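This report describes the packing of a single protein chain. It turns to a local contact, then to the core, the aromatic pairs and the packing of helices.

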Amino acid sequence: MTHLITLFTSIKTSSWKFLVPILGLLAPVKWIILLIGLFIILDTGFGIWAAKKTGKKITSTRFSSVISKMFIYQAVVLLLFGIDVVILGDFIKLFIGIPYVITKAAALIIIVNEGYSIDEKLKNVNPGKGLWFYVKRMLGLAKKLKREAEDLEITDKK
């Protein structure tokens, strides 16, 4: 039994020695990975909200697809990052000055796909009012607040 405890203790203490270099290698894409994860979580949240609004049943099968989607999207990004760094990095830099361009393009495609999914869910709940409707509404509100702030600034100067 003591050998088993010693084995688990040594694995626990030495696993950090392997984890830190791996995290260091992935540092250039950490924000891309987090952003994709955020969009998947947002899409899931909108999906739950839309299901409750439309009276659809939320099943564990549909909810478990979130985990597989998260894993597959992150794996694709990490795989393309590896291809970007190891195989195509220097070749692509000759033509395009953007580092990790393939990784960033794939991330953009994934994020746009999740955005469309959010848009579909909004349109299912409120027909004709998708994501673009709410973005324009928010921009209009921001412009109105800016004008009001400028008006207040002008009246304060008088």
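In this predicted model, Ala-107 is in contact with Ile-32 and Ile-36, once its neighbours within four places in sequence are left aside. These three residues belong to the largest nonpolar core, which has 11 residues. The other members are Val-29, Ile-40, Val-66, Tyr-73, Val-77, Phe-81, Ile-110 and Ile-111. Two or more residues of this core come from each of the elements α2 (30-54), α3 (60-95) and α4. The element that gives the most is α3, with 4 residues. In soluble globular proteins, nonpolar side chains tend to be buried together.

**Overall composition**

The protein chain has 5 helices and 0 strands, and read along the sequence it follows the pattern α-α-α-α-α. Of the 158 residues in the protein chain, 20% are buried. Among the contacts in the protein chain with a separation of 6 or more, 63% are between residues 24 or more positions apart.

**Aromatic pairs**

A pair of aromatic rings is described by the distance of the centres and the angle of the planes. How many aromatic pairs does a search of the whole structure find? The search finds 2 aromatic pairs, and the table gives their geometry.

| Aromatic pair | Arrangement | Centre to centre | Angle between the planes |
|---|---|---|---|
| Phe-46 and Trp-49 | edge-to-face | 6.2 Å | 90° |
| Phe-81 and Tyr-100 | tilted | 5.2 Å | 55° |

Phe-46 and Trp-49 are 3 residues apart in helix α2, and are therefore separated by about one helical turn. Phe-46 counts as partly exposed because its relative accessibility is 28%, a value between the limits of 20% for buried and 50% for exposed. Trp-49 is likewise partly exposed, with a relative accessible area of 30%.

The pair of Phe-81 and Tyr-100 joins a helix to a loop: Phe-81 lies in helix α3, and Tyr-100 lies in the loop between α3 and α4. The pair therefore ties together parts that are 19 residues apart in sequence. Phe-81 is buried, with a relative accessible area of 7%, and it is also one of the residues of the largest nonpolar core. Tyr-100, in turn, is partly exposed, with a relative accessible area of 28%.

Another aromatic residue, Phe-71, also lies in helix α3. Is Phe-71 buried or exposed? Its relative accessible area is 62%, so Phe-71 is exposed. The C-alpha atoms of Phe-71 and Gly-37 are separated by 9.5 Å, while the two residues are 34 residues apart along the chain.

**Packing of α4 and α5**

Two packed helices are described by the angle between their axes and the distance between the axes. Helix α4 comprises residues 101-125 and helix α5 comprises residues 131-157. Their axes come within 8 Å and cross at roughly 90°. The helices α4 and α5 are therefore roughly perpendicular to each other, since angles of 65 to 115 degrees count as such.

Which residues meet where α4 and α5 are in contact? On the side of α4 these are Gly-115, Ile-118, Asp-119 and Leu-122, and on the side of α5 they are Leu-131, Trp-132 and Tyr-134. By class, the residues of this contact divide into 5 nonpolar, 1 polar and 1 charged. Gly counts as polar and Asp as charged, so Gly-115 and Asp-119 are the residues of those two classes.

Notes. Residues are numbered from 1 along each chain as its sequence is written. This is a predicted model: local features need pLDDT of at least 70, side-chain atom pairs count only at pLDDT 80 or more; totals for chains, interfaces and linings use all residues. Side-chain values use heavy atoms; hydrogens and water are left out. Axes are lines fitted to C-alpha atoms, for helices over the stretch in contact, and angles run from 0 to 180 degrees between N-to-C directions. Angles under 35 degrees count as roughly parallel, over 145 as roughly antiparallel, 65 to 115 as roughly perpendicular and the rest as oblique. Contact means heavy atoms within 4.5 Å. A nonpolar core is a set of buried Ala, Val, Leu, Ile, Met, Phe, Trp, Tyr and Cys residues joined through side-chain atoms within 4.5 Å. Buried means under 20% relative accessible area, exposed over 50%, partly exposed in between (1.4 Å probe, protein chains only). Rings of Phe, Tyr and Trp (its six-membered ring) pair if their centres lie within 6.5 Å; planes under 30 degrees apart count as stacked, over 60 as edge-to-face and the rest as tilted.
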